[in-house]
Amino acid sequence: MALTLYVDTARWRAHHKHVHEQFPGLVPVCKGNGYGFGHERLAEEATRFGSDMLAVGTTYEAARIKDWFSGDLLVLTPFRRGEEPVPLPDRVVRSVSSVDGVHGLVGARVVIEVMSSMKRHGVTEQELPLLHAAIEDVRLEGFAIHLPLDRTDGSDAVEEVIGWMDRLRAARLPLHTMFVSHLKADELARLQQQFPQTRFRARIGTRLWLGDHEATEYRGAVLDVTRVAKGDRFGYRQQKAASDGYLVVVAGGTSHGVGLEAPKALHGVMPRAKGVARAGLATVNRNLSPFVWAGKQRWFAEPPHMQVSILFVPSDAPEPTVGDELVAHLRHTTTQFDRLVDR
């Protein structure tokens, strides 16, 4: 009995092919938990569609993935002096976001990140003159820019990239390759047309692996079902059942990521109102689970345990049976499955 990730493999791979056609030369991203699929599986898929480079989050991820992917590995987290050394092959390319970082990687293959409107990290315009001497001691693979997802000020992503292309060109820095993130296919095409001598390579993770929501589905197996009457005590905290119904023990707990949620940026009145309502219910121990039974998301009977969750299903709903599987609406990037089934 397990929390299972089911993958419609043909549909999933058809989506990969479509994204590759939209973004020629794209660099697939495999970081964190491998977008819910695991590093090994995504490395296999990247090899399958002939990628020459795979982007990873950290040097530790690169050390793990190097045995599963034979092409170049681009580490997205910028190098910092004093970081723990991790033995890596020469095919690993390091991101750098400062002139000092470039000086600290003599002989290495590097991609230099420029400061975008994200304002997360990157070389600034004022530092560009200092890069001339620094890049003589490294093997420059190109420059990179990481763009925001939302542009609430109405600015244009392409214009932001063009601005940096002009600055780099004015500083007489090599522009053979530019790695970009969070551009649409038509925006990338506009850039490629305007700068034909530069190869633009989109680094894509979420859109590639998770862009077709219907291609994947999590399901948790029912392990036990216990009938309870109103007032019966149950669980670790011996709470009372609010009404007649069933306690349903389903595979999937905190070790899988069930019940864990990353903060979300809310836009608009309705999403904010729903957020306030959820927070209010949580104060009286009413938390909606990600598990669906008989067409409805069911409430946690109590906070999820390490490997299972206990749900409350009211008596007016059909009684689940051991072995049934409940669809679970889970976030891929925070979920660890027990098994993956291709179908």
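How do the residues of the lining of the second largest pocket divide into nonpolar, polar and charged? Keep that in mind while we walk through the chain; we will come to the pocket at the fourth stop. One thing to know before you start clicking: this is a predicted model.

**Stop 1: the whole chain**

Show the whole chain as a cartoon. You are looking at nine helices and 18 strands. Turn the model around: along its principal axes, the C-alpha trace spans about 75 × 45 × 40 Å. Of the 343 residues, 47% count as buried.

Next, select residues 10-153. UniProt, in an unreviewed entry, places the feature "domain: Alanine racemase N-terminal" here. Within this stretch the chain is 29% helix and 20% strand. If you mark the C-alpha atoms at its two ends, you will find them 40 Å apart.

**Stop 2: a parallel sheet**

Strands of a sheet pair through backbone hydrogen bonds, either parallel or antiparallel. Start with the parallel kind. Colour the strands β2 to β9 and follow the order β2-β9-β8-β7-β6-β5-β4-β3: these eight strands form an open sheet with parallel pairing. Which strands are at the edges? They are β2 (27-28) and β3 (53-56), and each of them pairs on one side only.

Now zoom in on one pair from this sheet. Strand β5 (residues 92-96) and β6 pair in the parallel sense over three bridges. Select Val 96 and look across to β6, where Ile 112 stands opposite.

**Stop 3: the loop after β6 and a cavity**

Stay with β6 (109-114) and move along the loop that leads to α5 (128-134), where you will find Ser 116. Is Ser 116 buried or exposed? Its relative accessible area is 7%, so Ser 116 counts as buried. Show its side chain: it reaches the backbone oxygen of His 146 at 2.5 Å.

The loop between β6 and α5 also holds Lys 119. With a relative accessible area of 66%, over the 50% cut-off, Lys 119 is exposed. Check its backbone too: phi of Lys 119 is near 55 degrees, a positive value in a residue other than glycine.

Rolling a probe the size of a water molecule over the atoms shows where empty space is left. Here the count comes to one cavity of 30 Å³ or more. The largest cavity has a volume of about 40 Å³. To see its walls, select Glu 113, Val 114, Ser 116, Met 118, Arg 120, His 121 and His 146. Two of these lining residues are nonpolar, three are polar and two are charged. You have already met Ser 116 and His 146 as contact partners, and both appear in this lining.

**Stop 4: the second largest pocket**

Select His 146 again, and add Leu 149, Ser 181, His 182 and Thr 206. These five lie nearest the centre of the second largest pocket, which is lined by 33 residues. The elements that give two or more residues to the lining are β8 (177-181), β9 (199-204) and α8 (206-210). The largest share, three residues, comes from β9. The volume of this pocket is about 880 Å³.

Now for the opening question: the lining divides into 14 nonpolar, 11 polar and eight charged residues.

**Stop 5: an enclosed strand**

Select β13, residues 245-251. Seven of its seven residues are buried, so this strand is largely enclosed by the rest of the structure. Which strands pair with β13? One of them is β10 (residues 216-228), antiparallel over six bridges. Find Val 222, which stands opposite Val 250 in β13. Another is β16 (residues 308-314), also antiparallel, over seven bridges. In that pair, Ala 251 stands opposite Val 308 in β16.

**Stop 6: two loop residues**

Follow β16 into the loop that leads to β17 (325-328) and pick Ser 315. At 43% relative accessibility, Ser 315 counts as partly exposed. Draw a line from its C-alpha to that of Thr 58: the two residues are 257 apart in sequence and 49 Å apart in space.

Finish at Gln 238, in the loop between β11 (233-234) and β12 (239-240). Gln 238 is not a glycine, although it has a positive phi of about 50 degrees. At 41% relative accessibility, Gln 238 counts as partly exposed.

How values were computed. Residues are numbered from 1 along each chain as its sequence is written. This is a predicted model: local features need pLDDT of at least 70, side-chain atom pairs count only at pLDDT 80 or more; totals for chains, interfaces and linings use all residues. Side-chain values use heavy atoms; hydrogens and water are left out. Buried means under 20% relative accessible area, exposed over 50%, partly exposed in between (1.4 Å probe, protein chains only). Helices (H or I, at least four residues) and strands (E, at least two) are DSSP runs, numbered from the N terminus. Two strands pair if DSSP finds at least two bridges between them. UniProt positions are given in the numbering used here, feature names are shortened, and annotations may be inferred rather than shown by experiment. On a 1 Å grid over the protein atoms alone, a cavity is a set of points where a 1.4 Å probe fits but cannot get out, and a pocket is an open set with protein on both sides within 12 Å along at least five of seven lines; lining residues have an atom within 4 Å of a point. Grid points are joined across faces, edges and corners, and a volume is the space filled by probe spheres set on the points. Ala, Val, Leu, Ile, Met, Phe, Trp, Tyr, Cys and Pro count as nonpolar, Asp, Glu, Lys and Arg as charged, and the others, Gly among them, as polar. A polar contact is a pair of N or O atoms within 3.5 Å; within protein, one must be able to donate a hydrogen and the other to accept it, and residues adjacent in sequence count only if both atoms are side-chain atoms.
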